[in-house]
Every structure is written in C-alpha cells, then in structure tokens.
Amino acid sequence: MNYTTNIFKVDNVLHHLKHYLPAQASLKDFIHHNTLHAFQDRKFYDALTQSSKIFGYKTSLSLMEYRDLFHEGKISESIILKAIGEKKGSELPEVWFDKMLNGAYKDTFAGRRSHLRNNWKDLYSVDLDLAIQPFLFRFLCSYLDQGIAIWSFPVWNKGFLTTIREMERNTFISFFKTPRAKQLLMDRKCEISDLLAILVGDETLYEHYLFDQQFAHPGWSGFVSVVEDMPQTLIDARRISLQDFIIFELLLEIDTLDQKFGENWLPLAKRIKGHVEPLFAPVQITEYHEILHLWQDAYEWTFYDQVLGGILANPEKENTSEKSGFQAMFCIDDRVCSLRRYIEEIEPTAQTFGTPGFFGVAFYYKPMNGKFSMKVCPAPMNPPYLIKEELDNKKNKKDFHFADYTHSLFFGWLITHTIGFWSAIRLFINIFTPRLSPATTLSFRHMDKHSRLTIESSDPQLKEDGLQLGFTITEMADRVEGLLKSIGLVKDFAPIVYAVGHGASSVNNTHYAGYDCGACSGRPGSVNARVICYMANHPEVRQILRSRGLDIPSKTMFLGALHDTTRDEIEFYDDNFADVAQTELHKHNKKVFMQALDLNARERARRFVTTSKRHDLKNLHEAVKKRSVSLFEPRPELNHATNSLCIVGRRALTKKLFLDRRAFLNSYDYSIDPEGNYLFTILSAAAPVRWYQSGVLLFSCG
Amino acid sequence: MERILELLIVWPFLAFFISLFLPKENEKLISGFTFGVVGIHFFTILGLLIYWISLGLPVLNLKEFSIYESADMDFFIDFYFDHVTAVYSLIGAMLTFLVTTYSRIYLHRESGYKRFFYTILFFYAGYTLVVFAGNLETLFIGWEILGLTSFLLVAFYRERYLPVKNAFKVFSIYRIGDVGIILAMWASHHLWHENITFAKIQNYELVHHHLEAHSVFGLFISIMLLTAACAKSAQFPFSSWLPRAMEGPTPSSAIFYGSLSVHLGLFLLIRTMPFWEHQLIARIMIGAVGIFTAAIGASIGRVQSSVKSQIAYASVAQIGLMFLEVALRFKNFALFHFAGNAFFAYVPTFGFSFRSELFDKRAILPLCSQA
C-alpha cells in the first residue's frame, strides 16, 4: 500500500517542514540565526503576526506589558501620537490612543499549531507526547552523543532507521511493546504516508499533522534537520535524517495507540467532527495586532529619540586635531562600548575605533595539542587559511573530577578512598572563595601568551587539513589595508596602536556559549588581534601599503591584546619594544587600561543582583572577578540581549555619550570612502549578523 | 557530654520551627539563619568529637523518655553514639553546611527560596535523628522525615511536570523501604518481647540465644532491613529513583544522590550489623544485592549520555560495593568508603548544575574546547 497521490508529497512536505523548523546547530561555532528565518521575506510586522498566529510564538510584548511601560514613563505620549499619525493618518488620533490605553482585547499569542493533533487527547484520551517523548529524546541523545557516554552508541554509521532495525534484530528486548509497529519497521514498508494512513487517514491533513508533531519539539527536530544538512556541525559525525526521525516517531505513536486500544482504533480523521483550520491559511491582521504594532513603534522610537537627542547634544562633533597618545581598535561589541568611554575619559588623547573583533583576518586556528582546527572569523565565512600555535611544553591541566574514568566501578572505588577526601577540602575552600581551576573556561587559555603563531606563509602550497598554512605578504597587506580604511584610520598614527580582541571566562554559567566574540565564531579574539598586529608591523607589508598610499610611520607599532569581558582583565601580546620611549609609553597606557577596566567592572556590577555595591573600586572589581568563577552563579549577564543600536560612523558622534552598553559601534569615515565600498561591506556583512545576534539572544533570553 | 548530645538533636528541630516564621521576602535573614544554625551545629560536632576522642571513644546510650508504657511493653525514645554516628554526623553537618552556603546565592530570587531552606532544615533534623537514634523506633521517626523532605526537595519546582512526577516515584519507592522498617520493628517486638536498643544487640550472647530459638523470625527481620536499606540506597531493584531525583534543583540533588540520603541505607545495615552478621543467608543476600547492583549500575552508567546520570549510576555502583563490604564484615572500611564517596560524588554534582529553565552547558563544552 503505497500512497503517491497528488495531495501529499513527502518530499515537498519535508522541505516545507525544514524551512520552518528553527535551524539550531550544536554550539560548536557561533550561531547567527534568525529564529523567524522562515518569515524573513515578509514585512516586519506581517512576519511577527503570521508567525505568532500560525505557531503561537510570542513575538512582541503583551498589551498589558506595553501599557505598564507607558505608565512607568518608558513610552512617551508625544511619540505614540506621532506613530499613530504615521500609520493611521492624522484623523482622530485620540481614538487610537484611547484604544491603545483602554481598549479591551483578548491578549493572547495562541496559534493554530497542535489543533489537529490535540484531538488524540480530546477524543482518545491519549497523551502521545507524554508517552513517547522521554524515550525518544533519550534515544536521540544517545545516538547523537559526542563522547559523554563512556561506551558509544553500538551502531551509528548506517543511518538512523537502519541502526534501529539492526538493533531491533539483534537484541532480546524491543523498542516496541506491540507487534504491528515492529512489523512495519522490519518490513521496510514504512513510508511516512503509509504510517500517516494508519494514524490520520485523510491525506489533506497529513501535512498539518506532521507540523503539529514536529513542532511539539521544534528544538530537537530542528537540530536533526541541521545535522542532516550540515554533518560538519558535529565533530563526531552522525548520519540522521528528518525523515527517519519522523518515521520512528510515527511508529512509536502507532505502538502507543496499539498498546492502549489493540489494533482496532479509527484513524484520527474519522473521528474528528467539523473543519480543522489549515495551518497556513491566510492570517487576518486584526485591530489588536495593529495596536500591538503601534505600541512597538512608539516603544522603539522613544528609545531612539533619547539616543538621537544625546547625539545631537553631544558637543564633540569633530576629532580634535591634537596628537593622539595612543590608538586602540576594539570589537564593535556592545560590551566594549563602556570600556572605550572610560579609556577616552581617563586619557583624553586616546583614540578608539570599533570594528568586528576578528579584525578582518579570517582563518582557522589550531592550538598546540589541539585535535581540531576551529574557526575564528564570522561563522558564515569559510576561509582557506590555517594558523597554528607552537609552543614547547604546553600541557593541558586536568581535573580528576571531570575525568570519565572516575565513573567506572574500580577506578571509582579506588579514587573515592583517596581523592574523595581531597575533594572535600577543595570544595570547602572553593565554596567560600571561588577561584580559577582547570574546570574554568578561561579566555586567556585560548592561546598561550608565550606561543609562536605560524602567521607568515613560507610556501602557499604548504597545506594542512586542506588549508593554506599562514598568509602571504600580499594577502597580509590586503587585510591590513581593508581594516584600516574601513575604520578610517589612515593618517595621524599614534606611536602605539592596540588591537584589543575580547573573550570571556566562566566556570558554571549556562549562558557562557554566548559570551565570547561572535565575530570569531564564538571564541576569544586573542589570536586575531595578535595576527593583525603581526601583519601591520611587517616591514614588507608596510612597503606594499606605502605604494598603495597608506603610509604607516616606521615608529608606529601595532600591539595585540585580549580583554576578558567577564573578569575585566587584559593581556598584551608581544609587548617587548626595542624602543625605550615606546616601552615607557606602553607602561603608561597599561595603567590607563587597568583604571578603565576597574571602572568598567563597576558599571557592569550595577546589574549584578548578588554583588554588593558597597565595596570600593578595587574590591568591587575583585567581586566581579569572583563572580565569573563562582559555582553558584548561574545567572547570565545579558549582554547582546539588551543590545538595541548599531551606529556606523566616526567616534566623534558618540564620544562621551552614555549608551548603557547597548550599542554596537562600528567606526567608519565617509570622507575616505567616497564610493561607499567599505560602507557596503560593513552593512552587508557585519550588520545583519549583529542584528541577528541580538535578535537570537533577545528571543532566547527574553 | 550527654546534655550536649541532646542539644545537638533538638537544635535542628528548633531551628526548623523558627524558620517557618521568618518573613518570606527577607532572603538574607532566611539564608543567614540557616547558615548560622547549620554552621554552629557543624562546629559543635567538630568540637564534641575532639573531646570525645580525648575521652577514649566511649560508646554512649541515652534512654530519653517513654512514649507508651504498659505492663509488658515500653516504647521509648533512645539515642546512641559511637564512631558510626560520629562519622555520619560530621559528614552530614559539613555537607549541609556547604549546601546552605552554596544555595544562598544560587537560589536568589527563586520563588521557593524560603521553602527550600526550611525543607533543608527539616531534612537535616531528620538526618540527625536517624544517625543518633538508639533504637529502630527512634530511627523510624527520622527516616520518615527524610522520606517526606526528599519528596519535597525533588519536587521543588512544583509547577513543572517532570520533577513532580519523579518526586512521586521517589516517594513511592521510599514507602516500600518504610514498610520494610515497620515490619522489621513488628517482628523484632515478637522476637525480643521488648523495645530492643542498638546497644543491647551488641551483646552476642543475647542475640545468639534469641536467634537460635526463632531463626525464621531472625531472617525475616534481616530481609526487611535489607529491603529498607535497598530502597533508601537505590540498590537493585530500586535503583531507578536516583537519576530521577536529579530533576530537583542542584543543591538538593547534591544532598541526595551525591552524599547523604543514599548512604542512609548503608547506615541502617551498619547499625543493625550485630544482629544479622551471624546469619549466613542474610549476609549472602546483602553481598549479592551489593555486587549485582555494582555490576548493573556500572554498566548502565557507561552508556548514559548525560554526565549527571553517569554520576548517579556511579554512585549507586559504589554503594553496591559498600554493601558488599559490610556483608564481608569490613564495617570500618565501608564507613571510610562512604566518607570518600559522599565528598567525591558531591563535587561534580555542583559543577554540572542544572537550574530550572537553564540548559546544561557542560554537555556541549567538549565540543567547544580543544583541550
């Protein structure tokens, strides 16, 4: 019995399904992902309304929340009226205003999804999700496991269903409790449409049913879908397809129903009375939605109004002509904006720039003793370069508690009698005074300060893992030129130009995966900072740049550094100057950085509920450092989730302006880019990534 | 010393009752109070132990008061203090002390903040009662308190479906253990015709005399005690509750499968050891349960794809080995093993914390780090 009629085409439906599922990959490389990507071709508010109505997503604040914000004074009345004027024309703004404040609406984000499949509960009194999901997820976890389990999954390289068949054939216990599901699996006749014929029985409802089923666990299904399309997102590859996954789930459903009713139960469609509203039927935009959109407009513009007001009132319109003490390039990240403000405040002659934290050098990085190369540039890029860390005697420290052999019977037995007691003492100390341990993920461990990097390519043909080892001189010059021109740093070079990447440290924070530099694929930016400085300091590179009209004085040195944004510490790389004056200067600048970091820590601490603000500056900074390594601090520092601005322009626009660590600041000087080429690159590559990033974190944290 | 011991037992109960009346909003007061109470308790025990050691490790038995007296039966509360009590109370106090410290910040702004702390205090009161108990009846009171508080702590996130479901699972299995103790008490009343204390069963002659006459009763009591111990220590066939108990917030799961609660089954066996150690069948059964659980726990643990379940099963397996050790009469060795395991399992438990809606980042860490 093979249904291949016109109504239900498996491939189309799977394609459709994959399009709508959230494309959540494993957290190996930073994920830039618009959770509403299936709706991104539509107008903003249409996309919000449709996705909410179809899938039940909460895509904006609720009406009550907006009204509360208004009463708290966070949405301004004059801007509401302006928003009404723009959307609804100038007639009767009071009517709309009154509706926004007092109108009675059903304040809900309920969607159509699951309406069809809920009938199992309503008409059959069976909760399929409850019966199936715990087993299904555990099984999927074991199948996709990347090495947590000590014994790996027995058969994993043959595809999901084949594996299940083979295990079913070779074990004493079955996945299924009733014979029919097992029969279907083993007969290899189980196409999705066959199984749906048993379960649903009406082809017009198949697609709706599959959406209901898969969106009952969108994260898992989306993950399966990503692994199917991009196996490289897992280090230890697994063969799986969404189709196999769905078939297995359908079989488990049949099994559960058989177990309850025997094999004599009617398919779903036969018992449903009335019409089921199609999932993708056109969505009506109601007055309630319009009201929400007006509120959102007004809320956003109230915020922008304050920012623009600040920029207008900002006294410093132009760069001062006096000579810079030092220049520093930072990531455009919102966490850096406060640090830049403090540096400029302490050292008024300092000049800071913002650029995506990979500093225009895209490559893979392989640390000493590393088993894999990792990407240290924006995730969508696939650079053909590799840079390796070289160091004599680098050892990775280990912690006994996190070694898997302690979970085995006899080692465990031995260890409990010995190290168990040491654990007690260490734990005791650690609970009272948290500090760094091998279990801490520390940004400075990404690259050893004393290591050498293979930056310069001796021979472009020399390859490792299919990647060119290092960059040639011309390639270096291109990158330095691109970087400096895009941020507008082409003249008046200071004696030292810093390139400060950023990273983060944590021991137990569940949000850590979002803490590192997004422009470096979610890794610390130390290698990139060091690499770009090496390139910019290279005499041959400078010669080429000079021939292209970019004259970097021979006295100017570029110096790489890493700023740890959770601990507010900084580490400088290759800071041995030949010149005494420069050494002195660097010493002075270091003090500026340290002072700025103390102040930055204090600014961050405002938002840490468990950090006492009564400390003096130094002790407060210590408290902030402790927070980063304390076991009992699972609360996130929201970072990107509060990001709301991206300003591309000269620093003079925003200098001294308090933007509350909510802005991405990308430096750009229109006067050296008459054709707008650099602006185009900044806006087309960097900016959308940033906006997605804040969007993703907003949706996941908010 | 006797007076201080009594105070040590009353202290957590008193603290629990006071904690019920603390204002809900004042987190500092609630956690500070609990921290102080458990801290004082811990240091008092520490001081007391030093004094006790200086006295030359005397075994103490305190008969407190009778609950019910009749011509031929006397139900009374009784306390007992020896080196087993010393080890269990010290470790219990230390770990509970750490949990209160840890949870102060960890649970900040959690809606059940106060509930968590007073439940911990009640749990601790029950634990203290169990380890100081001088007869089965007294022990049973503490045992019940532990059962109840375990249920409440596993179901701490009571608005979520799974924790509550798992809590019921824990509760049901604990009930089987309770029935075991009740039947053991009932049968021992028949055997001894009195409310026998742990101090009395140290007397080999007496035990031997009674068992000779009623060997079936003796075996029945031993099996019931073993059932209770298995349920509490997650031994076969009751192992499944332990990984489930993980659903609770970390500090409580740390108390459970890491350290305190699961080792109380072992405690029961060590306490009643003079009674069953001369019954070969009982010893074989205890050893068999232990070694079987150790083998099964270790195997299941190896295929778990979550580190928390691995730790849970590893812990089950270690306790299985302890059962084997006591069955072989290596009592002090098992005690030593308990202390090490309690601490060792406890540490990573914190590391792999799992709090309400947050997702466990450690599961994906090996992917991110190259080391």
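**A guided reading of the predicted model**

Helix α5 of chain B, spanning residues 136–154, contains 19 residues and extends 26 Å from its first C-alpha to its last, close to the 27 Å expected at 1.5 Å a residue. The structure described here is a predicted model. Of the 19 residues of α5(B), 15 are buried, so this helix is largely enclosed by the rest of the structure.

From this helix the reader may turn to the nonpolar cores. In soluble globular proteins, nonpolar side chains tend to be buried together. Here the largest nonpolar core has 103 residues, and Y88(B) and F323(B) are those with the most contacts inside it. When neighbours within four places in sequence are left aside, the residues in contact with F323(B) include L226(B), A229(B), C230(B), L266(B), L269(B), I286(B) and V289(B). The list for F323(B) also includes S233(B), Q235(B), G265(B) and G290(B). Apart from the largest core lies another, of 71 residues, which has A47(A), W120(A), F139(A) and L199(A) among its members.

Chain A also contains an open sheet of 5 strands, arranged in the order β2-β1-β9-β10-β11 with mixed pairing. Its edge strands are β2 (351–354) and β11 (569–572) of chain A, each of which pairs on one side only. From one strand to the next, the twist averages 25°. Strand β1 of chain A, residues 327–330, runs parallel to β2(A) and is joined to it by 4 bridges; within this pair, Q327(A) stands opposite Q351(A). Helix α19 of chain A, residues 526–537, packs on the sheet and touches β9 (496–503) and β10 (557–564) of chain A. The direction of α19(A) makes about 175° with that of β10(A).

Further along chain A, strand β12 (residues 645–649) and β13(A) pair in the parallel sense over 5 bridges. One of the residues involved is G649(A), whose bridge partner in β13(A) is S667(A). Strand β13 of chain A, residues 663–667, is mostly covered, with 5 of its 5 residues buried. A663(A), L665(A) and S667(A) point one way from β13(A), whereas F664(A) and N666(A) point the other way, and all are buried.

A final consideration is the confidence of the prediction. Chain A averages a pLDDT of 85, and 88% of the residues score at least 70. Over residues 695–702 of chain A, however, pLDDT stays under 50, and the model has 10 contacts beyond four places in sequence for these residues.

Key. Residues numbered from 1 in each chain as written. Chains lettered and ligands numbered in written order. Predicted model: local features only at pLDDT ≥ 70, side-chain atom pairs only at ≥ 80, totals over all residues. Heavy atoms only, no water. Buried < 20%, exposed > 50% of the residue type's maximum accessible area, 1.4 Å probe, protein only. Helix = DSSP H or I, 4+ residues; strand = E, 2+ residues; numbered from the N terminus. Pairing = 2+ DSSP bridges. Expected span 1.5 Å × (residues − 1). Core = buried A, V, L, I, M, F, W, Y, C linked by side-chain atoms within 4.5 Å. Contact = heavy atoms within 4.5 Å. Axes fitted to C-alpha atoms, helices over the stretch in contact; angles between N-to-C directions. pLDDT = per-residue confidence, 0-100.
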